[in-house]
Amino acid sequence: MNSNLPDFTPVLLGSDFNVYGMARSFYELTGKPVKAFAEQQLAPTRFTKIVDLELIDGFADDPQWINSMLKIKERYRDHKEPVILIGCGDGYAELISKHKDELSDVFVCPYIDFDLLKRLNKKESFYEICDQYNLPYPKTKVITKEMWASDEPIEQPFDYPVALKPSNSVEWVDIHFDGRKKAYRVKSRPELDEILQKAYTNGYESDFILQDFIPGDDSNMRVLNAYVDQNHHVKMMCLGHPLLEDPSPSAIGNYVAILPEYNKDIYQRFQKFLEDIKFTGYANFDMKYDSRDNTYKLFEINLRQGRSSFFVTLNGYNLAQWVVRDYVTKDLADAETVYGNKDANKHQLWLGVPVKVFKKYARQNGDKERALDLIDHKRYGMTYRYDKDMNIKRWALLKWMEHIYTKNFNRYFKENKG
């Protein structure tokens, strides 16, 4: 806790692991609970003293969202200290960016303009930008609803298995059908046709991204977190090496074990990209190493910190401090860029599942051995397990959550990750 910090007020949007991780980061700076607003209560922010959560019906979408935010804004209008607004999810980040002009007279909104956000959020236009900056990504075909509805068969140019994911992740959250997943590894043409049929007949309107499947298990993934200041200069980069992902359908691809990693080339390439496009705020990149051509292929950029991004704070680069230094203490502009994880002696393993689950399901390799050594030396941590925020109700809830994680791995790992 830094008692010398000037006053400021963080306001978070959401109630999931991302919110808890950011709230914990702020709490470690200030020792004060953080106000949050969301549409519904989720488990990570139950029975906690560090998140003061207020629920608002319909808070996930316009016009209810902006109408509610304009009322919330009036609560903070007389605050003399900076009030920092952070959306902990794709939908909230998009809404803040969309309405930034209406909110910025009261809130600090560390987000890019809406036009750039739409270009980066839509995978088709994002990959066009990648082409401009020589950032490799998997071979890709866009499938539209019109293509699916036509009488012409959809050309599938890649060998099976292929990767399939919705282009519009915000819209996808509200689509429901049997077999719905966050993303798919498709093993046959009939399976591809069935997914498209179910999605489009259940209300999905946007495109799908069909991609060449990059071989290799979860340990070939990398995740990069960055903070870019209001002058569009990258001030922090922290690379993670995931070793295991969630196999359950609704959360497939979410990282549940991350080793810190240092890679000068990745840092330099993405720093240039973010500064050239005039980015600002938090950014989160997912990529996978392709052994066929020795490149890291980029999947997407998230215009926010992610649910596993607490691994950054865990490794000594507190996620909250960057926006505070940018807009409150205002000492970030003259600071050198921090390239995380250079000193392996300070590495901490981040886990999103119980240790026993990691030990059982992570692929056996040298990286897992490093992770196990960190576990043996008590150099690991979890977002949701926080000694300063524990009571009997929360302890029981976390035990139940971990029981569900274990059950889901037993049920889904072979099907989706084996």
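The questions and answers below concern a predicted model.

Colleague: How are helices α5 and α6 oriented to each other?

Modeller: The axes of α5 (residues 114-121) and α6 (residues 123-132) come within 5 Å and cross at roughly 90 degrees. Angles of 65 to 115 degrees count as roughly perpendicular. The two helices, α5 and α6, are therefore roughly perpendicular.

Colleague: Which residues of α6 make the contact with α5?

Modeller: From α5, the contact uses Lys 118, Arg 119, Leu 120 and Asn 121. The residues of this contact divide into three nonpolar, three polar and three charged. On the α6 side they are Lys 123, Ser 125, Phe 126, Ile 129 and Gln 132.

Colleague: Is Thr 313 buried or exposed?

Modeller: Thr 313 is found in helix α11 (residues 310-314). Leaving aside residues up to four places away in sequence, Thr 313 touches Ser 25, Glu 28, Asn 318 and Leu 319. Buried means under 20% relative accessible area. Thr 313 has a relative accessible area of 8%, so Thr 313 is buried.

Colleague: Which backbone nitrogen does the side chain of Thr 313 reach?

Modeller: Leu 319 is among the residues that Thr 313 touches. The side chain of Thr 313 comes to 2.9 Å from a backbone nitrogen, that of Leu 319.

Colleague: With which residue does Glu 28 form a salt bridge?

Modeller: Glu 28 lies in helix α1 (residues 17-30), and its partner lies four residues apart in that helix, about one turn. Glu 28 is partly exposed at 29% relative accessible area, whereas the partner, Arg 24, is buried at 10%. The closest N and O atoms of the salt bridge are 3.3 Å apart, and the partner of Glu 28 is Arg 24.

Colleague: How many residues apart in sequence are the parts that Lys 145 and Glu 205 tie together?

Modeller: The side chains of Lys 145 and Glu 205 meet in a salt bridge, 3.0 Å from N to O. Lys 145 lies in helix α7 (residues 145-149) and Glu 205 in the loop between α9 (189-201) and β9 (208-212), so the parts tied together are 60 residues apart.

Colleague: Which residues are joined with Asp 212 into one network?

Modeller: Arg 292 and Asp 212 meet through their side chains in a salt bridge of 2.9 Å, N to O. Arg 292 is in the loop between β13 (281-290) and β14 (295-302), while Asp 212 is in strand β9, 80 residues apart. Arg 292 is partly exposed at 48% relative accessible area, and Asp 212 counts as buried at 16%. Salt bridges that share partners join Asp 212 into one network with Asp 290, Arg 292, Asp 293 and Lys 297.

Methods. Residues numbered from 1 in each chain as written. Predicted model: local features only at pLDDT ≥ 70, side-chain atom pairs only at ≥ 80, totals over all residues. Heavy atoms only, no water. Axes fitted to C-alpha atoms, helices over the stretch in contact; angles between N-to-C directions. Parallel < 35°, antiparallel > 145°, perpendicular 65-115°, else oblique. Contact = heavy atoms within 4.5 Å. Nonpolar A, V, L, I, M, F, W, Y, C, P; charged D, E, K, R; others polar. Buried < 20%, exposed > 50% of the residue type's maximum accessible area, 1.4 Å probe, protein only. Polar contact = N/O pair within 3.5 Å; in protein donor to acceptor, adjacent residues only side chain to side chain. Salt bridge = Lys/Arg side-chain N within 4 Å of Asp/Glu carboxyl O.
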